[in-house]
Amino acid sequence: MTSTKEPTLRTGIYPAIDPKLLDGCLQGKVALVTGSSRGIGKAIATALASVGASVAINGRAGSIVEATVKDIQQQALGAKVIGVVADVLNPPDQERMLAEVQAELGKIDILVLNAGTNLFQPFHQTKASEWWDQMNLNIRAPVELTRMLIPQFMTRNSGCIIYTSSRAAVNHFPFTSAYSISKGGITQFASCLQAELDIVQTHPKAGAFEKNGIEVFSIHPGEIATELHKVALPPNLDRDAPYIVEMRDKMKSVLPRFQAELPAWTTVFLASGRAHALRGRYVDCTRDIAEVIQSVEAGGQS
């Protein structure tokens, strides 16, 4: 029985996603990144702008969105970057955001659905509204934004959609049931959507294209310390659920220190068309993507 070697663990920039090799690969493309005013989303938006894409930043706080736009413009000199203040849970805001981005930058080529939330709390202590709020932001919002934009992608037979998922989508972590279920759901949605598009876009009575040019991925960015990790911990956790604190501290002591550049440049790699073999798949950014592609093309399951 032969064993498949696990792809190399990566914590930051490595050869396959070296920014120098990806320079200019998204010139002329337009990207919208939700939840990109800070954290992982900001890193993704910065990387996309750095390789030539015109990028729309999204967040709910106008002052933070504005500061992020200026920051990215300074890092990615010459890049066209705009900010759109919008609540991705609000349908009118969703429609207005898409309209504003396309009015200022042109038709969207790359949609990165990164906005999300989490709450570390035992299910029996979680209010129904808190549980369903996570489901709405993590799965309903990205699905509905996809619904609004996908007809354009289908007409043009081009485009890339990337959903920020999590390792929680493929594991059974305690105390994050809504987060894990929603991330599992959006990961499965990405796979199902890719499968549908592969059929519809090439069917003679539908898209009638020779091949489907739309690529869909979900990614695990890696356990990166962001503002989300702070707001995910409810007050009085030490008193109400000390076992969660113990579990969190144990995990922090064994996990590598992943850098935000890891998912950022993996996203650039995926959006550049270099990962055709991974279409529809859950992509773990902490594993060497070149090795993963090699394994998949060889018939492995990485």
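Residues with over 50% relative accessible area are termed exposed here, and those under 20% buried. With that in hand, the tour may begin; the model is a predicted one.

**Helix α3**

Select residues 62-75, which make up helix α3. This helix has 14 residues, and from its first C-alpha to its last it reaches 20 Å, close to the 20 Å expected at 1.5 Å a residue. Show the side chains of Val65, Thr68, Val69 and Ile72, which are buried. When α3 is viewed down its axis, these buried residues fall within an arc of 105°, so they line one face of the helix. In general, an α-helix has 3.6 residues a turn, so residues three or four places apart point the same way. Rotate to the other side of α3 and select Ser63 and Gln74, both of which are exposed. Next, add α2 (39-50), β2 (54-59) and β3 (81-85) to the view; the buried residues of α3 pack against these elements.

**Val101 in helix α4**

Move to helix α4, residues 91-105, and centre on Val101. The relative accessible area of Val101 is 0%, so this residue is buried. Which residues does Val101 touch, not counting residues up to four places away in sequence? They are Val30, Leu32, Ala56, Ile82, Val84, Gly106 and Ile108. For a sense of scale, draw a distance from Val101 to Ser253: the two are 152 residues apart in sequence, and their C-alpha atoms are 42 Å apart in space.

**The nonpolar cores**

Now select Leu48, Val55, Leu278 and Ile289. Of the 48 residues in the largest nonpolar core, these four touch the most other members. Centre on Ile289 and display its surroundings. Leaving aside neighbours within four places in sequence, Ile289 is in contact with Tyr14, Ala16, Ile17, Thr266, Phe269, Leu270, Leu278 and Val283. A second core, separate from this one, has 30 residues, among them Val88, Leu98, Ala141 and Leu197.

**Aromatic residues**

The structure holds 4 aromatic pairs. To inspect one of them, select Trp131 and Trp132: their ring centres lie 4.8 Å apart and their planes stand at 75°, so the pair is edge-to-face. Add Phe123 to the selection, and the one aromatic cluster formed by Phe123, Trp131 and Trp132 is in view. Is Trp131 buried or exposed? Its relative accessible area is 13%, so Trp131 is buried.

**Thr146 in helix α5**

Select helix α5, residues 128-156, and within this helix Thr146. Thr146 has a relative accessibility of 2% and therefore counts as buried. Two polar partners can be displayed. The side chain of Thr146 reaches the backbone oxygen of Pro142 at 2.7 Å, and it makes a polar contact with the side chain of Tyr163, also at 2.7 Å. Apart from neighbours within four places in sequence, the residues in contact with Thr146 are Leu113, Ile161, Tyr163, Phe189 and Leu193.

**Two loop residues with positive phi**

Proceed to the loop between α5 and β5 (159-164), where Asn157 is placed. Although Asn157 is not a glycine, its phi is positive, at about 55°. Asn157 is also buried, with a relative accessible area of 13%.

The final stop is Ala208, in the loop between α6 (177-200) and β6 (214-220). Ala208 is a residue other than glycine, yet its phi is positive, near 60°.

Conventions: Residues numbered from 1 in each chain as written. Predicted model: local features only at pLDDT ≥ 70, side-chain atom pairs only at ≥ 80, totals over all residues. Heavy atoms only, no water. Core = buried A, V, L, I, M, F, W, Y, C linked by side-chain atoms within 4.5 Å. Buried < 20%, exposed > 50% of the residue type's maximum accessible area, 1.4 Å probe, protein only. Contact = heavy atoms within 4.5 Å. Phe/Tyr/Trp six-rings, centres within 6.5 Å; stacked < 30°, edge-to-face > 60°. Helix = DSSP H or I, 4+ residues; strand = E, 2+ residues; numbered from the N terminus. Expected span 1.5 Å × (residues − 1). Arc of directions from axis to C-beta. Polar contact = N/O pair within 3.5 Å; in protein donor to acceptor, adjacent residues only side chain to side chain.
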